[in-house]
Amino acid sequence: MILIDYGDFMDWEKLGLKMGLEIHQQLDTKSKLFCPCSCNLTDKKADYEILRNLRPTQSELGKIDRAAFQEARRKLRFLYEAYSQETCLVEADEEPPCPLNLEAMELAIVVASLLNMKVMDEFHTMRKQVIDGSNTGGFQRTGLVATHGFLETSQGKVVIENLCLEEDAARRIETTSDGVKFRLDRLGIPLLEITTDPSIHHPEQVKEVAYQLGQVLRSTKVKRGLGTIRQDLNISIRDGARVEVKGVQNLDLMPTMVQREVERQIKLIEIRDTLLKREAQVEDEIFDVKSVFEDTGSKIIASAPAVKGLKLTGFAGLVGMEIQPGRRLGTEFSSYAKKLGVSGIFHTDELPAYGISSREVDRLKDFTGAGAEDAVIIVAHQEEIAQGALEEVKRRALMCFDGVVEETRKALPEGNTEYMRPLPTSSRMYLETDIPTFTITRPQVQKIKNNLPEIPRAKKERMESEYNLSEDLATQLVKRDKVDDFENIMNNLKLDPTVVASLLAYSLRELKRDGHSMDSLDSKTLINALKLLEQDKISKDAISPILIHVSQKNSSPQEAAEALDLLMLKESDVEDIIQKIISQKEDMVKQRGMGSMGPLMGIVMKELKGKADGKLVNKVLKESIQKFL
Amino acid sequence: MNYRGSAKKLLESSGISIGDLITIEKDDVTYQGMVLDRSEDADDQHIVLKMDSGYNIGVNISSSNLKLVEKGKKPKLDLKPLTIKEDPAKKDISIISTGGTVASIIDYKTGAVHPAFTAEDLLITNPELRDMANIKGKAICNILSENMKPEYWVKSARSIYDEINEGAYGVVVAHGTDTMHYTSAALSFMLETPVPIVITGAQRSSDRPSSDAFLNLLNSVSAAKSDLAEVMVCMYAGSDDTGCYLHRGTKVRKMHTSRRDTFRSINTAPLACMKEGEIEILPGAKGYNSRGTVELKLNDYLEPDVAFIKSFPGINGEIIDYHLDKGYKGIVLEGTGLGHCPDQLIPSLERAADYQVPVVMTSQCMYGKVNMNVYSTGRRLLKAGVISGGDMLGETAYVKLSWALGHSEKLEEVKKIMETNIAGEIEEKSSLDYFLL
Ligand SMILES: [Zn+2]
């Protein structure tokens, strides 16, 4: 089978590719969204462990939300790690939430304004049902702050649909057969959720949007580092279905991920067409096939109390068909089965293998009445679990007749995706009655708009035009967050902007890279060091050694310059040294007259060890020779 | 609808009602969504919309143009009727609800939370109960726990009496948690019961997946099938979703404003521990009444005019005098330490004795017994006729005094009743175990 050679080969427009991006970004506020705990994670041993079960609640139609129901079926128990100081009763769902964190709300309005959004008049906190255990209450608190924004990209405008302010979920620590363990430290950290509309139409554009959103977010008080920003991607093609890919970490991988998902959807549509042509069927009966494997060489099967089989009429060859590099339709079946607690499935497209002999495959086919065009799926586990797992496979196999199904999928590191759960239906929200509605007045919004931070791109452009910096230096200053330091120095000292910028953008980094800790270096010390340069007391090459000395010895830059003997000499000192050298080289000077300038310059500079400016030396030397002659 | 003032006027003049799909046009933005009702205490400057995304927003009505997109159907709670068949193999358990929402149903379309009262609602939201018993439900009132009055205790006691008389194998009372321990004490005095009477509620509202309502209810139904023919409170034992305690109705108190395990046994140990519907009777449950050993009896006379006063450093006799002048028939004074109050109260307390108004002393410490023999103040209080509440909780003493006064107006008789253990409210022996359980 030949895989599609994707890349520029695919005609995205013809395929009807549509994408939306959803970004979650943690804010760097003093406290959590609805309690006074700090927003820092901890690795301390938990002071308390709390055991909870969640129960889906019923809506008016007696219909439990699809995704919620799925989670409930897993009957998981949740264990929460709590702390006496780091977390409180709010995270433990033992106390009503405190009032909304105003700092977080202000940051949300800042970001909304930077994204050209319209801010709500009144913010209503909602409860969004999430019963995977990641929220102790069984819901996430969230509210809509702004809508109707946009972003310009090189491939056109992208609409920013919604900006929500919400609580982050508890941190998943481990999954055991007993249930899932969460830590409450992350629960309640303010989070911005930004969603675009599904109008992104090229894999490269989605990367650009993600990059720009990241830039906007980083111009405000947001958390940095691993896990503080999470990206989800919605992908669909015209004949496919909407699939939400969770947890895309790497921006550069986004285009690949899109391509692979498109490929998966195309393959699933192909499979559907083949199945319809073959008049394929998913059989209802689940067979007990334990007897087929009486003296099997497969350890998994031999050790399992029950072995169950499902016949898929007309599925032969399709279950083993590759739909993403290294992933087959069987892998999709397996992901569904795994939700019931099995470690995987076997299917006849991949057998004989794994210790299962061809004789056993033949017997299995005989037993289930499967012909050459049919496939059989088997699961070995405890009776009830094996049965449930095959019911799941049956459900997924039936979906093959619809082609692509709406799903939430997990991003895998190499660019593939794996089934997680059905897409949540939209009926999961109701008002959080423990928190009053929050009025956002227009003067408040205006005040925030008047004091917006500069977004990185504008900042870079301003660095170039205002200070005449090269594009590279301007980019580095912005990227390394040094613009404020730079402007602070430029406001205080009269120095060449390029010298200061390259110090901040490069020299400091090099010092750090060479193993010098620059932690104690504050902006005041930096300004004092540069003041020596401004006053011509040191040369610019002296700055790095001075800073190293300062950080090691905790001295002032002046003291460091003295200790390292890097202070520039005064004109009279230079004169003295030149006088001394002229008298030493008296003969040569007499002989060559002004022609001795060249050789003498070399000797003087060596003697001065860079502690005097070349121009000055040149001037004094010239005068001294003239005087001597 | 709760809209008022300008918002109400605008909605009415635009011919828009709750549930309608509308657009609100503003200078720079247009919102579309379904009109929702607004909370009663909110301002009249905003209209609430539920957006397609599920989010609610409030839109300021100034320079807003409302347009109807589609008339909404009146949202109504449409539960499919249940056909509940009685199973002769199962016990009949009655669930009486007083208004605490042990069950509720969310209308996700509008976000409204409907409290569920009928047995049917209860069984729809908690279908597991059907496996446990034939559930018969009755809603006797619908009031918040804080609005409970002695007259509702009487109403509840009579309903429970009827249920037991009609053959209930056990009774569960769903109750708000704030005053649950007053009601449990009242029922303990008013009813002599051959079957378990279990009072329960929820600290986390039942609309949330994390609610404690289900486990409390499940364990209560189970407790109602047990051998413990007592009035009991069944609530979480700890913060975990692992089990509940059964507390004696007269020796239990709400001790935390919000935690699930807020109810604690005071000056005694819990009677039993309930885990996943299994009962484990604890060693502390000595001398409980077994099922069928006591004949059903209702003593529902209560004197409502009883005051419950807390002593504090700046208190003076006026407060006591006020109640005497107003004709209160009895006073429970929650004193400090072993059962003391400032000297300046003594003349008023003597006056109470002259008026034949019993004054019962309990302690703000809650833990431990009142003993007025140790210090001179205590001895002066005894001399003034103050009755010792022993190790009774203040709340229990207050309920018991109402009940005692319902039976007799004679000071001596009331005193005797107060000092006699009627429903496990007084323990003679203070165990080393009984502290901060
Ligand atoms: Zn907290």
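**Close-up views of a predicted two-chain model**

**View 1. The area buried between chain A and chain B.** About 4000 Å² is buried between chain A and chain B, and carbon and sulfur atoms give 49% of this area. The structure shown here, and in every view that follows, is a predicted model. The size of an interface is often given as the accessible area lost when the parts come together. To the contact, chain A brings 51 residues and chain B brings 53 residues.

**View 2. Salt bridges and polar contacts across the interface.** Between chain A and chain B there are nine salt bridges. One of them joins B:Arg260 to A:Glu94, with 3.4 Å separating the closest N and O atoms of the two residues. Across the interface of chain A and chain B, 24 residue pairs are in polar contact, counting pairs in which both residues have pLDDT 80 or more.

**View 3. The side of chain A that touches chain B.** Several strands of chain A give two or more residues to the side that touches chain B, namely β2, β4 (118-119), β6 (126-129), β7 (139-153), β8 (156-167) and β22 (429-431). Of the residues on this side of chain A, the largest share, seven residues, comes from β7(A). When the residues on this side of chain A are sorted by class, 17 are nonpolar, 17 are polar and 17 are charged.

**View 4. The zinc ion and its protein donors in chain A.** The zinc ion has as its protein donors the SG atoms of A:Cys35, A:Cys37 and A:Cys88 together with two OE atoms of A:Glu91, and these donors lie 2.2 to 2.6 Å from the ion. Along the sequence, the donor residues follow the spacing C-x1-C-x50-C-x2-E. A:Cys35 lies in the loop between β1 (18-26) and β2 (48-52) of chain A, whereas A:Glu91 lies in the loop between β3 (78-82) and α3 (102-114) of chain A, so this pair ties together parts that are 56 residues apart in sequence. A:Cys35 has a relative accessible area of 6%, and because this is under 20% the residue counts as buried. A:Glu91 is likewise buried, with a relative accessibility of 2%.

**View 5. The surroundings of B:Ser188.** B:Ser188 belongs to helix α5 of chain B, which covers residues 180-190. With a relative accessible area of 10%, B:Ser188 is buried. When its neighbours within four places in sequence are left aside, B:Ser188 is in contact with B:Val231, B:Gly249, B:Thr250 and B:Ala423.

Notes: Residues are numbered from 1 along each chain as its sequence is written. Chains are lettered from A and ligands numbered from 1 in the order in which they are written. This is a predicted model: local features need pLDDT of at least 70, side-chain atom pairs count only at pLDDT 80 or more; totals for chains, interfaces and linings use all residues. Side-chain values use heavy atoms; hydrogens and water are left out. Donors are N, O and S atoms within 2.8 Å of the metal (3.2 Å for Na, K and Ca); water is not among the atoms, so sites may look incomplete. Helices (H or I, at least four residues) and strands (E, at least two) are DSSP runs, numbered from the N terminus. Buried means under 20% relative accessible area, exposed over 50%, partly exposed in between (1.4 Å probe, protein chains only). Contact means heavy atoms within 4.5 Å. Buried area is the accessible area (1.4 Å probe) that two parts lose on being put together, summed over both. A salt bridge is a side-chain nitrogen of Lys or Arg within 4 Å of a carboxyl oxygen of Asp or Glu. A polar contact is a pair of N or O atoms within 3.5 Å; within protein, one must be able to donate a hydrogen and the other to accept it, and residues adjacent in sequence count only if both atoms are side-chain atoms. Ala, Val, Leu, Ile, Met, Phe, Trp, Tyr, Cys and Pro count as nonpolar, Asp, Glu, Lys and Arg as charged, and the others, Gly among them, as polar.
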